[in-house]
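Me: Hey, I've just opened this one for the first time. Can you walk me through it?

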Amino acid sequence: MRRVAIVGAGPSGLYAAGQLATQTDVEVAVDIYDRLPTPFGLLRYGVAPDHESVKSVAKTLAAAFDSPHVRYFGLVEVGTQVRPAQLLECYDAVIYAYGSENDRKLGIPGETELDGSRSAREFVSWYSGHPDAHAQDLDTVRNAVVVGVGNVAVDVTRILLKDPEELSVTDMPESVLAELRRTHVENVWLVGRRGPENASFTNKELRELLELDGVDTELVGADLTAIEVDLLDRKARSNVESIAAAIAEPKQGKRHLHLVFNHRPVAIKGVEGVTGVEFESNLDGSHFEVPADLVLRSIGYFGNPLPGVPFADGRIPNLEGRVTEEDGSSRPGEYVTGWIKRGPSGLIGANRKDSAETVAHLVADLQQMPQRVLADPEELMVERGIKASSLADWRRIDEAEIARGDLRGRERTKIEAWHDLLDLVFAEQEEAVS
Ligand SMILES: Cc1cc2nc3c(=O)[nH]c(=O)nc-3n(C[C@H](O)[C@H](O)[C@H](O)COP(=O)(O)OP(=O)(O)OC[C@H]3O[C@@H](n4cnc5c(N)ncnc54)[C@H](O)[C@@H]3O)c2cc1C
């Protein structure tokens, strides 16, 4: 039986595992490595908690674990604890599926040094209960600026403006809900460099934001009547029409959404903490400033390199999923899928097709690949002093979260603290030893 390692248990890694487990051309055993004891990647730690229907994809993805030939090694960070070259000694092939866990910077004064200026990614990780996320101190935030006009920017704006009671039915950790209940956000400026017809948010996400109870919408920097809607594609036309409808019917709300187009931030102001943001018009070069206690940049995620693996522009260079060297030749045994393959964009479904392409090439290559004597990955872990978590450990976390949710009449309440997750993992392992 051939052996394949997958690095990353997000949607792309789990689609690849499921596809490998169900194909019939080559017998394959699959080990999935993730640095977390919890699978699902950004489905769990990115997709907004109030988008419950998207979250249900987890059931489809978890089908990969039904195969007796698929194992889960959580709490293993490839790159730091285990090098890719060591995995290649244990497996016929390795698929990199570790997503894009970094983010792009604006490169403007104040961005990195002022308290209250951070990436939307950090904010998303926090409200999603990622164990690495830092607590957010939101009780003093009245005014927030969100830079970027994609769906992630819309998600974080919605979470800031939505009534926390409406979020209390979701899987958000209790600590997050408690912090959101302490907020008094009055204004959010959502800022894009170009016009509303060029914004990348989808119409469904935009309407959800514009329809929030008690939130007024103001339009800044764009004249909708000057846009020739008939020349626009469907998404852009619906977006312009939705904004026009929202500003035509003010809600007299206590909270305000300011949609700013054709502007870019040029400086984040403040001494220790953020106090304001200065913008420049991309149309006439004029400037204006707004007060702000929080700035979230949402201008794109970015991949991290792994030691010894080719890397360029935030991705692993590849030809249809086969990892390539600078000269275009492919690296035997190394494959890639998902965001780290094609860049940080695309919905969950896009990863299914992406993984199918990679898996098809891998299966074809495995049929030609000479048999090697492979090292034992479990011995490698012992050598490296790694105590990996298993699928059974994840199932215990899953049950504990469902039980926590049950107490509050919800489907699930996430466990966000490392020590609680590790207690659940190691309590059982210690019991097995004694
Ligand atoms: C904020 C946000 C909201 C989104 N909302 C939606 C939505 O509503 N609907 C939708 O369809 N799509 C949405 N998406 C897109 C969707 O989440 C992605 O398409 C998908 O998660 C990408 O899958 P992936 O497997 O490539 O990466 P990821 O989901 O990022 O998974 C990568 C996995 O690799 C692990 N990992 C990382 N580094 C290492 C390492 N060194 N060693 C071991 N493991 C590692 C991580 O822990 C993670 O589990 C959203 C994305 C974001 C960022």
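**A first walk through the model**

Reply: Let's start with Asp313, which counts as exposed because just 8 other C-beta atoms lie within 10 Å, and the cut-off for exposed is 12 or fewer. Keep in mind that this is a predicted model.

Me: Where is Asp313 found?

Reply: Asp313 is in the loop between strand E15 (301-302) and strand E16 (318-319). Its phi is positive, about 55°, although Asp313 is not a glycine.

Me: Why would you bother pointing out a sign?

Reply: Because most residues other than glycine have a negative phi. Leu75 is another non-glycine with a positive phi, at about 60°.

Me: Ok, and is Leu75 buried or exposed?

Reply: Leu75 counts as buried, because it has 20 C-beta neighbours inside 10 Å and the cut-off is 20 or more. You'll find Leu75 in the loop between strand E3 (70-73) and helix H5 (84-90).

Me: Let's zoom out. What does the domain assignment give for the protein chain?

Reply: It gives domain 1 (2-101 + 303-389) and domain 2 (104-300). Their C-alpha centres lie 34 Å apart.

Me: How many residues are in contact between domain 1 and domain 2?

Reply: Seven residues of domain 1 are in contact with 12 residues of domain 2. On the domain 1 side, the touching residues split into four nonpolar, one polar and two charged.

Me: There's a ligand too. Which residues come nearest to the ligand?

Reply: There are 35 residues around the ligand, and Gly8, Gly10, Gly41, Gly99 and Gly338 come nearest. The elements giving two or more residues to that shell are helix H1 (11-22), helix H2 (41-45), helix H7 (151-161) and helix H13 (348-368).

Me: What sort of residues make up the shell around the ligand?

Reply: The shell has 18 nonpolar, 12 polar and five charged residues. Domain 1 (2-101 + 303-389) and domain 2 (104-300) each supply at least three residues to the shell.

Me: Switching to sheets. What's the order in the open sheet of six strands?

Reply: The order is E6-E14-E7-E8-E10-E9, and the pairing is parallel. Strand E6 (117-119) and strand E9 (215-220) are the edge strands, so called because each pairs on one side only. From one strand to the next, the twist averages 20°.

Me: Can you pick out one pair I could look at?

Reply: Try strand E7 (residues 143-147) and strand E8 (residues 187-191), a parallel pair with five bridges. There, Ala144 has Val188 in E8 as its bridge partner.

Me: What lies across E9 and strand E10 (255-260)?

Reply: That's helix H11 (residues 234-248), which runs at about 115° to E9.

Me: And the open sheet of three strands, what's its order?

Reply: E11-E12-E13, with antiparallel pairing. Strand E11 (263-270) and strand E13 (287-291) are at the edges, and the twist averages 25° from one strand to the next. Five bridges join strand E12 (residues 274-281) to E13. Look for Phe279, which stands opposite Phe288 in E13.

Me: Now helix H6 (residues 120-127). How many of its residues are buried?

Reply: Seven of the eight, so helix H6 is largely enclosed by the rest of the structure. Among the buried ones are Arg121, Phe123, Trp126 and Tyr127. Just after H6, Gly129 takes a positive phi of about 75°.

Me: What about Gly110, where is its place?

Reply: Gly110 is in the loop between strand E5 (102-103) and E6. It counts as buried because 21 other C-beta atoms lie within 10 Å.

Me: Which residues does Gly110 touch?

Reply: Leaving out residues up to four places away in sequence, Gly110 touches Ser117, Ala267, Ile268, Lys269 and Gly270. By contrast, Gly110 and Glu325 are 215 residues apart in sequence and 38 Å apart in space, C-alpha to C-alpha.

Me: Last one: where is Ser345 found?

Reply: In the loop between helix H12 (339-342) and H13. Ser345 counts as partly exposed because it has 13 C-beta neighbours inside 10 Å. From Ser345 to Tyr301 is 44 residues in sequence and 8.4 Å in space, C-alpha to C-alpha.

Definitions and conventions: Residues are numbered from 1 along each chain as its sequence is written. This is a predicted model: local features need pLDDT of at least 70, side-chain atom pairs count only at pLDDT 80 or more; totals for chains, interfaces and linings use all residues. A residue is near a molecule or strand if its C-beta atom, placed from the backbone, lies within 6 Å of it. Helices (H or I, at least four residues) and strands (E, at least two) are DSSP runs, numbered from the N terminus. Ala, Val, Leu, Ile, Met, Phe, Trp, Tyr, Cys and Pro count as nonpolar, Asp, Glu, Lys and Arg as charged, and the others, Gly among them, as polar. Domain bounds come from an automatic or database domain assignment. Two strands pair if DSSP finds at least two bridges between them. Axes are lines fitted to C-alpha atoms, for helices over the stretch in contact, and angles run from 0 to 180 degrees between N-to-C directions. Two residues are in contact if their C-beta atoms, placed from the backbone, lie within 7 Å.
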